[in-house]
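The questions below follow the packing of helices in one predicted model, and each reply works towards the value or name requested.

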Amino acid sequence: MGALANPGNRLALAGLVLAAGSMAYWLNRAENVSLPDNRILFLATWLLAIGLGIAAWVKKAGWLGRIASVPAILIGVFLTFTFSISEQVLPEGAIRVGDTIPAFSAVDENGVLFDSARLRGNPVLIKFFRAHW
């Protein structure tokens, strides 16, 4: 009997594919600063990956399923936990897309003073990466 004939193995592999795929998609969206405002689908996917990983153990998965279920559960738990503790609230007066940036100056990586006034009149993209945690 092949490894995929075991229902527990199939559940575990499905959980692993969901967990790893959704994590890769999440990180790609975060890197491109395009995370959706409504993230319930991500959360549901991570919870489903956890459930599939646990179901694989209940269905007595073989060695393949037990190996695949562990990262499915760990990825799902980690992402769900970080999601649950990471409320992002914009403070009053936060800069939004299209706003004029406040004047600032700072030393760049070469030790040269940079003044934001040099950017006046030009569109500028300022990217801060935080993901969701």
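Q: Is the crossing of H2 and H3 left-handed or right-handed?
A: In this predicted model, the axes of H2 and H3 come within 8 Å and cross at roughly 150°. The sense of the crossing between H2 and H3 is left-handed.

Q: How many nonpolar, polar and charged residues has the contact of H2 with H3?
A: On the H2 side the contact includes Leu43, Trp46, Ile50 and Trp57, while H3 contributes, among others, Arg66, Ser69, Val70, Ile73 and Phe83. Sorted by class, this contact of H2 with H3 has 14 nonpolar, 4 polar and 1 charged residues.

Q: Which helices do the buried residues of H3 pack against?
A: Helix H3 covers residues 63–84, and its 22 residues reach 32 Å from the first C-alpha to the last, close to the 32 Å expected at 1.5 Å a residue. Among its buried residues, those under 20% relative accessible area, are Gly65, Ala68, Ala72, Ile75 and Leu79. The buried residues of H3 pack against helix H1 (7–31) and helix H2 (40–58).

Q: Which element gives the largest share of the largest nonpolar core?
A: The largest nonpolar core has 10 residues, including Ala19, Trp26, Phe42, Trp46, Ile75 and Leu79. The elements that give two or more residues to this core are H1, H2 and H3. The largest share, 4 residues, comes from H2.

Q: Which residues is phenylalanine 42 in contact with, leaving aside its neighbours within four places in sequence?
A: Phenylalanine 42 belongs to the largest nonpolar core. With its neighbours within four places in sequence set aside, phenylalanine 42 is in contact with Ser22, Tyr25, Trp26 and Pro36.

How values were computed
Residues numbered from 1 in each chain as written. Predicted model: local features only at pLDDT ≥ 70, side-chain atom pairs only at ≥ 80, totals over all residues. Heavy atoms only, no water. Expected span 1.5 Å × (residues − 1). Buried < 20%, exposed > 50% of the residue type's maximum accessible area, 1.4 Å probe, protein only. Contact = heavy atoms within 4.5 Å. Axes fitted to C-alpha atoms, helices over the stretch in contact; angles between N-to-C directions. Left-handed = near helix turned anticlockwise from the far one by under 90°. Nonpolar A, V, L, I, M, F, W, Y, C, P; charged D, E, K, R; others polar. Core = buried A, V, L, I, M, F, W, Y, C linked by side-chain atoms within 4.5 Å.
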